[in-house]
Every structure is written in C-alpha cells, then in structure tokens.
Amino acid sequence: MMTTFKNNHINALEDNMVRQMQLIAAKMEWRSGDIEGLINYYTSEAKELKKLTDARLTFIRSDGVVIGDSDYDAHEMDNHLEREEVQVALANGIGRTVRPSETMDQRMVYVAIPVANASITEPHVIRMAMSLVEVDQSIGRLTMVLIGGLILLFLFAALISYRIALGLTRPLDQITKVAKKIKNMDYRARVKVTKQNEIGELGVAINAMADSLEIQMERIKQNESQLESVLANMINGIVMIDAKGQILLMNRRAEEVLGFSARELVGRHFVEAKQQYELAQIIQESLDTRRHIREEIMFYFPEERLLELNLVPISQSGPGELGGVLLVLQDVSAIRRLERMRSEFVANVSHELKTPITAVKGFAETLLGGAVKDEETTRTFLQIIYDESERLNRLIGDILELSKIESRRVPLIFSPVELDSFISKTFRVLESEANQKGIQLHCKMEPGLFVEADEDRLRQIMMNLLSNGINYTPEGGSVSVIIDEPDNDHIRIVIKDTGIGIPKKDLPRIFERFYRVDKARSRSSGGTGLGLSIVKHLVELHKGTISVESNAEVGSTFIIELPIIQ
Ligand code: ADP
C-alpha cells in the first residue's frame with residue numbers, strides 16, 4: 001500500500017515538475033550564442049528559478065552539453081546526452097527517471113522536457129531534479145501520521161465498543177447472577193433496572209417472576225408449616241407409605257408409639273422397620289387390596305400397649321390411582337382400660353348392692369311367710385332388715401358421691417380454713433364414737449395454720465380417715481392428727497393410728513373402689529369400701545397428694561400434702 005502511495009506521490013511530483021518546467025519553457029527568454037555566455041546566462045537563470053521552485057534545475061543542449069545548473073558548475077559537468085531522462089525527453093517529449101544521482105549520493109527524481117523555441121536553433125532540454133529524501137521523509141511522516149491516526153482510531157473504536165459492550169454485558173451479567181440466586185432458592189434477589197431498553201424489560205420480567213415465586217414459596221412454606229404443626233401435634237400417630245412401600249412421612253406421635261425415629265425410617269421400606277410382623281402384613285394387605293382396614297393389635301415394644309390401626313388408601317396423581325396408604329395409629333390402651341374399669345365397677349356395684357338386698361328380701365320373706373311367731377326373733381329380723389337398708393342407703397350415697405366427684409359436677413368452693421378450730425370441730429363430731437371404743441383422739445400442730453380449701457370437702461376427707469382410724473383400731477388405742485408445713489407452699493396433715501395396720505401386699509390397692517383388706521371386718525364396721533377412693537379423689541381435686549404407710553399390728557399412717565394457696 002505504501003509503495004502505491006509512494007508511486008502516486010512521485011507521479012504527482014513529476015506531473016507538478018512537468019507543469020513547472022512547461023511554465024519555465026513558455027515564459028523564459030531563450031538565448032543562443034557562445035558557450036561561455038550561455039553557461040553564464042542559464043546558470044544564473046537556473047539559480048533564480050531554484051529559489052522559486054525549490055528544485056535543482058539543469059539546462060542541457062540537444063548535444064548533451066550542460067549549459068546551466070542551479071547547484072553545480074556547468075563547466076565541470078559531463079555530457080548528459082546519455083542520461084535516460086534526457087534521451088526519453090528528446091525522443092518522446094517527457095522523460096522521467098528515479099535513480100541515484102551521480103553527483104550526490106541520494107535517490108533523485110529526474111524529469112526532463114524538451115524546449116523548442118524560435119530563438120534557439122536546436123531544441124534544448126530542461127531538467128528538474130528533486131531529492132527523494134524529502135519525498136521519503138514526507139512519506140515517512142505521512143506513514144507516522146497514518147499509523148498514529150490508525151492507532152488513535154483503533155483506540156477510539158475499542159473504547160466505544162467497550163462502552164457498548166459494557167452497557168450490554170453488565171446488566172446481562174447482573175441478570176444472570178440474579179437468575180442463579182433464584183435458582184439457589186434466594187427468592188429475594190432482584191435485578192436493578194436502570195435502562196428502558198430490551199435488557200431493562202428482561203430485568204423487569206425476571207423481577208416479576210421472582211415476585212411471584214417469592215409469594216408462592218411463602219404460601220407453600222405457610223401451608224407446609226401449618227401441615228407440619230398439625231401433624232406434630234396430632235394425638236394420633238401418622239405414617240405415610242407410598243405405593244412401593246416406602247415410608248414417606250412419620251409424625252412425632254408415630255415415633256413414640258412405634259419406638260422408631262422418623263430419621264431412621266423415612267425413605268426406607270416399611271419391611272425394614274423391624275416392627276411387628278403383623279403390622280407389616282396389614283400394611284401389605286392394604287397396599288394390595290386398596291381397602292380401608294381397621295384393626296387392633298397389641299404391641300409389646302417400646303412398651304405394652306393396645307394400638308388401633310386405621311389404614312386408609314390414598315390417591316395421589318390421578319383419580320383411582322393409588323398413591324400409597326396412610327397409617328393412623330391410636331393408642332387405645334387407656335380407653336380399653338377405662339372401659340374395663342367401668343364394667344368392673346358396674347359388676348362391683350351390682351355385687352355390693354346385691355348382698356344387702358338379698359338379706360332384706362330373705363328376712364322380709366320369712367316374716368311375711370308368718371313362720372316367725374316369736375316376737376323376739378321378729379324384732380331381730382326387723383333390726384337386720386333395718387341395718388341392711390341403712391347400709392344400702394350409705395352405699396348408694398357413697399356411690400353417688402363418688403360419681404359426682406369423679407365427673408367433677410360439683411365445683412369446689414375454696415376459702416381459707418383455720419386448721420386449729422377446723423380439727424377441733426371435726427373431733428367433736430367423732431368424740432362419742434371414739435369414746436365408745438375407748439380410743440383417744442390427739443392433735444398436734446402450731447396454732448394459726450391456714451390452708452385454702454373447700455371446707456366441706458376437707459371435712460369429708462378428715463372424717464373418712466379418722467373414722468377408718470377409729471374403726472380399725474382396737475380398744476385403748478389412739479388416733480392422732482399432726483399438722484405442719486414441710487415448705488412455704490404446702491401443708492402436711494398426718495393421720496396416724498395404733499390399729500391393726502394394713503398388710504404390705506394390700507397397700508398399693510387400698511385406694512381402689514370397693515377394695516377392702518378384710519371384707520367381713522369392713523362390713524361389720526359398716527364400711528362400704530369407697531371411703532378411701534372418695535378421699536383420694538377429693539385430695540386430688542385440691543391438687544394435693546395422699547400416701548399411706550403401715551405396719552401390721554403397729555398401725556397405719558395416712559399423709560396428705562395440700563398446697564396452702566390454690
Ligand atoms: P371401708 O368402708 O371398708 O373402710 P375404705 O375405702 O375406707 O373402705 O378402706 C378400704 C380398706 O382399707 C378397708 O376395708 C380396710 O381394710 C383398709 N383400711 C383403711 N383404713 C385403715 C386403717 N386406718 N387401718 C387399717 N386398715 C385400714
């Protein structure tokens with residue numbers, strides 16, 4: 001490219017030189033004459049013209065003799081006829097060459113034109129020479145300018161494209177980052193939209209997507225936590241098993257009931273849970289038949305309990321398609337125990353009622369039959385009938401009382417009870433009974449003790465325990481009440497007798513309904529077997545505890561602890 005450029009430049013230079021020389025040829029005065037005169041004239045002309053053209057000028061005659069030169073002495077210059085440019089000029093009109101100068105050690109552009117004029121007989125040649133050094137220099141400068149310009153242009157272009165790229169890639173980068181964050185479940189990430197272009201629109205769209213994702217995830221999380229808390233707080237155990245038999249979910253209650261943690265079992269096959277063979281079988285059956293199965297199974301691990309199992313098939317993906325089975329576990333041991341207790345109670349009550357009724361009926365029948373003529377015997381019989389009906393009355397009274405207390409139909413009315421006077425009053429009621437049996441009643445306590453209680457119920461407790469004490473203590477014994485405060489919040493009431501005591505084996509059952517150590521003895525003393533049961537319930541209604549210690553032949557001690565303030 002540079003050579004074309006250089007050639008063009010040289011061509012233009014040559015053309016310019018031609019034009020200048022044509023001007024010189026046209027405007028100059030041409031002379032002929034003797035050689036010395038010619039050399040003088042043309043040399044001075046050449047020097048004058050060089051000032052104007054800034055190029056070396058040489059005047060050459062048609063025979064090749066140099067008759068004037070702007071830079072050199074024409075006398076000393078050799079014949080120029082053989083010079084290429086001169087030859088071409090004489091032959092074709094314009095001769096141009098680029099060659100090293102013979103006098104100067106540099107490349108030169110030579111252009112020569114012939115001049116024909118009326119004042120000269122032979123045609124002359126004007127030759128103009130210009131050093132290529134300048135041309136080369138100016139081309140070098142030009143090249144430098146060009147390269148510099150190009151570099152500047154390149155830098156400028158680079159800067160602009162960088163800015164454009166930055167404008168494009170930075171927001172795209174940011175969008176990519178946000179998209180990645182959203183993928184990693186950070187739904188709060190948002191794109192900062194600054195420009196109103198396509199990229200800005202993309203950012204807005206991504207933000208809208210993130211908004212809706214955030215809302216939906218929030219909703220899902222809420223649902224999940226609701227479901228979780230429902231499952232966690234359910235009293236029934238829940239186990240979800242998919243169609244392949246894999247355990248999907250297990251709540252806290254199920255963990256307790258089955259004795260396995262969800263971490264151990266979730267994700268495994270139900271057979272792997274080393275549970276009862278029966279349970280695995282029922283699950284398999286439910287998966288196979290897709291029917292609701294209800295069953296009660298006794299479990300011995302982690303503890304003995306009766307579990308009611310409900311296996312409900314669940315459909316998941318589509319209607320009629322089995323998603324698995326939901327196993328609902330309910331511990332029915334307590335319910336069954338209660339049921340058993342209730343039926344036992346009914347049986348007991350019937351039995352207890354039957355005895356006096358049978359007696360009443362029997363004696364009444366005998367009397368009605370008129371078999372007894374003896375007034376004494378009749379009296380005895382009637383007395384028995386009276387006593388038995390009295391017992392019946394007490395029994396029914398106690399049963400009603402107990403059921404009233406158990407069902408908590410009658411609320412307690414709490415008030416501060418001053419224990420000193422309370423015990424005195426209670427003793428007064430029991431005094432005659434104790435005196436009859438020759439039993440002493442003692443009370444030991446600091447004065448001024450109070451307890452917040454339902455006074456009537458508290459009296460019922462004391463009456464029951466004290467009359468038991470009197471009943472089961474032989475003549476000459478004593479029954480004492482000792483009251484103190486074991487700590488600031490509680491009051492302790494100890495009822496201690498010197499009676500027959502309770503055998504060790506009977507101690508744990510003593511508070512059960514109708515439980516009596518010695519049936520005959522209890523009956524003869526008019527007991528119903530419900531007294532301690534009622535006492536225990538009443539103490540518990542006061543949020544207190546009752547315990548018993550006893551040694552056969554030494555006596556029994558009942559210890560009640562009640563909170564001072566309810
Ligand atoms: P009962 O009406 O038969 O007294 P309770 O429920 O009051 O019924 O007592 C249950 C049984 O506990 C009594 O039958 C008796 O065998 C025994 N018992 C209760 N208190 C005493 C005591 N202070 N000394 C010995 N045995 C007692």
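Begin by selecting the ligand in this predicted model together with its surroundings, where 18 residues surround the ligand and the closest are Asn468, Asp497, Ser522, Thr528 and Leu532. Next, display the oxygen atoms of the ligand: one lies 3.0 Å from an N or O atom in the side chain of Tyr472, while the backbone offers contacts as well, with an N or O atom of Gly529 at 2.9 Å from a ligand oxygen and a polar backbone atom of Gly531 at 3.3 Å from a ligand oxygen. If you then switch on a surface, note that the protein covers 96% of the 530 Å² of accessible area that the ligand has on its own.

Now move to the aromatic rings, of which the model has 7 pairs. Select Trp30 and Phe59, whose ring centres are 5.8 Å apart with the planes at 75°, so that the pair counts as edge-to-face. Trp30 belongs to the loop between helix 1 (2-27) and helix 2 (35-53) and Phe59 to strand 1 (residues 56-60), so this pair ties together parts that are 29 residues apart in sequence. Are these two residues buried or exposed? Trp30 is buried, with a relative accessible area of 3%, and Phe59 is likewise buried, with a relative accessible area of 1%.

Extend the selection to Tyr41 and Tyr42, which ring pairs link with Trp30 and Phe59 into a cluster. Add Arg31 to this view, since its charged end sits over the ring of Tyr41, 3.9 Å from the ring centre. As a last stop, select Arg99 and Tyr110, where the charged end of Arg99 sits over the ring of Tyr110, 4.0 Å from its centre.

Conventions: Residues numbered from 1 in each chain as written. Predicted model: local features only at pLDDT ≥ 70, side-chain atom pairs only at ≥ 80, totals over all residues. Heavy atoms only, no water. Phe/Tyr/Trp six-rings, centres within 6.5 Å; stacked < 30°, edge-to-face > 60°. Helix = DSSP H or I, 4+ residues; strand = E, 2+ residues; numbered from the N terminus. Buried < 20%, exposed > 50% of the residue type's maximum accessible area, 1.4 Å probe, protein only. Lys NZ or Arg CZ within 6 Å of the ring centre and 35° of its normal. Near = heavy atom within 4 Å. Polar contact = N/O pair within 3.5 Å; in protein donor to acceptor, adjacent residues only side chain to side chain. Areas by Shrake-Rupley, 256 points an atom, 1.4 Å probe, with all protein chains shown as cover.
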